[in-house]
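Got the viewer open and ready to click around? Here is a walk through the structure, one selection at a time.

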Amino acid sequence: MEDYSQEDWGNHSQELHGYPTDQELDEMPVSKRTLKIKQESSEEAQKRDTMQNIVQILESVQLKWELFQSWTDFSRLHLSNKLAIFGIGYNTRWKEDIRYHYAEISSQVPLGKRLREYFNSEKPEGRIIMTRVQKMNWKNVYYKFLEITISEARCLELHMEIDWIPIAHSKPTGGNVVQYLLPGGIPKSPGLYAIGYEECIERPLSPDVEHHALDPGKEGRVDLETLSAQASLQVEVEPTRIIYCYLGIAEVRTLQQCLFLHFQANTKTFSKDWVGINGFLSQNCIVDPGVSPKSIYIKFVEVERDFLSAGSLVECLEKAIGYPLKFNN
């Protein structure tokens, strides 16, 4: 087993993750180096957010940690060809509580093979773990996993890797009705799709902001235009977020057909008795003069039809997002 100095280990870690070494950074032009560092920082933040989301899923299903003893454990039949969400944990001689080192959705490579890479010192991932145990940074290493189906893996991909697409709408026709304008490029194939809406969170202005806005200061004068604008703002608008409200399974129909049926429902026949996602979308098309409808978004991922009937897709997504889907119940 190689033993690294602190400097060597830093460079080894950089190489493992595909980052430039300190020497390479020193040789880069300043502008290129700054851009490279910013890009890596953004990628690292994204990876951290993804891992936190995966940890949240593992914690929500209350799995028990298993003590790692030998990497041959992962050759067992029940692990050899399964897809799963898994976590690697550790404790120290000073603190028995198990902490996460890493978490991942193994959706392309079977769980057994992926775990062996983390517990085999000949692999880059395993070398990091074994070195920390050898240097007594860690006491024991643990793992936990939740088996998932291919469709559940695609569902988690839909949530964590696919961007939302905003749905445009026409100007009001017939007085107070708008029409949704679906984007092109929706696949004519089976798969999963989600519908969400933009939630705007408002909160009262803080006392400090109100005082600052209305205090004329030592000059004893007030910019009337500024004061008028600030006085009209009774709330501070926080950054918006998109709320999932429906998960659809395009199994009998295609993704394109399913989304068309949701968004092209005839608003003229709208009834207050309508329930579910179609009722929500249709009601959102009926607006008061000068009022815009709620901003609606979609996202989708293609999945082979044979896989769509397996798994518990709604519960899978609800665990990942941390709240119930309003129109799937």
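Start by selecting Ile-85 and then Leu-146 in S4: the two stand opposite each other. They take you into a pair of strands, S2 (residues 83–91) and S4 (residues 140–148), which are joined in the antiparallel sense over 9 bridges. While you look, keep in mind that this is a predicted model.

Now colour H7 as well. This helix packs on the sheet, where it touches S2, S3 and S4, and its direction makes about 105° with that of S4.

Widen the selection to take in the whole sheet. You should see 4 strands in an open sheet, ordered S1-S4-S2-S3, with antiparallel pairing. At the edges sit S1 (66–67) and S3 (99–106), each of which pairs on one side only.

**Stop at Tyr-90**

Staying in strand S2, click on Tyr-90. Is Tyr-90 buried or exposed? Its relative accessible area is 17%, so Tyr-90 is buried, the cut-off being under 20%.

Next, show what surrounds it. Leaving out residues up to four places away in sequence, Tyr-90 touches Asp-97, Ile-98, Arg-99, Tyr-100, His-101, Trp-138, Asn-140, Val-141 and Tyr-142. Try a distance label between Tyr-90 and Asn-140: they are 50 residues apart in sequence, yet 5.6 Å apart in space from C-alpha to C-alpha.

**Over to helix H6**

Select H6 next. This helix lies across S2, S3 and S4, and runs at about 165° to S3. Which residues of H6 are buried? Highlight Gly-126, Arg-127, Ile-128, Ile-129, Met-130 and Thr-131 to see them. Following H6 you'll come to Met-136, with a positive phi near 65°.

Add helix H5 to the picture. H5 (residues 111–119) packs with H6 (residues 124–134) at an angle of about 45°, and their axes are 5 Å apart. Why call the two helices oblique? An angle of about 45° is neither under 35 degrees nor over 145, and it is outside 65 to 115, so H5 and H6 count as oblique to each other.

To see where they meet, pick Arg-114, Glu-117, Tyr-118 and Phe-119 on the H5 side, then Glu-125, Gly-126, Ile-129 and Met-130 on the H6 side. Sorted by class, this contact has 4 nonpolar, 1 polar and 3 charged residues.

**Zoom in on Ser-151**

Go back to helix H7, which covers residues 150–161, and click on Ser-151. With a relative accessibility of 0%, Ser-151 counts as buried. Turn on side chains here: that of Ser-151 makes a polar contact with the side chain of Thr-149, at 3.0 Å.

What does Ser-151 touch, not counting residues up to four places away in sequence? Select Leu-192, Phe-307, Leu-308, Ala-310, Gly-311 and Leu-313 to find out. One of these, Leu-192, leads to the next stop.

**The other four-strand sheet**

In S11, Leu-192 has Ile-249 as its bridge partner. The strands S8 and S11 pair in the antiparallel sense over 9 bridges. Strand S11 (residues 241–250) has 7 of its 10 residues buried, so the rest of the structure largely encloses it.

Bring in the remaining strands of this open sheet: there are 4, in the order S5-S12-S8-S11, with antiparallel pairing. S5 and S11 are the edge strands, each pairing on one side only.

Now follow S12 (residues 296–302), a mostly covered strand in which 6 of 7 residues are buried. S8 (residues 191–199) is joined to S12 by 7 bridges, running antiparallel. For two places to click along that pairing, Gly-191 stands opposite Glu-302 in S12, and Tyr-197 stands opposite Ile-296. S5 (residues 165–166) also runs antiparallel to S12, joined by 2 bridges; here Pro-166 stands opposite Tyr-297.

Finish this part with helix H12 (residues 313–321), which lies across S8 and S11 and runs at about 165° to S11.

**Zoom out**

Reset the view and show the whole chain. How many helices and strands does the chain have? There are 12 helices and 12 strands. Of the chain's 329 residues, 38% count as buried. Among contacts with a separation of 6 or more, 75% come from residues 24 or more positions apart.

Terms used. Residues numbered from 1 in each chain as written. Predicted model: local features only at pLDDT ≥ 70, side-chain atom pairs only at ≥ 80, totals over all residues. Heavy atoms only, no water. Buried < 20%, exposed > 50% of the residue type's maximum accessible area, 1.4 Å probe, protein only. Polar contact = N/O pair within 3.5 Å; in protein donor to acceptor, adjacent residues only side chain to side chain. Contact = heavy atoms within 4.5 Å. Axes fitted to C-alpha atoms, helices over the stretch in contact; angles between N-to-C directions. Nonpolar A, V, L, I, M, F, W, Y, C, P; charged D, E, K, R; others polar. Pairing = 2+ DSSP bridges.
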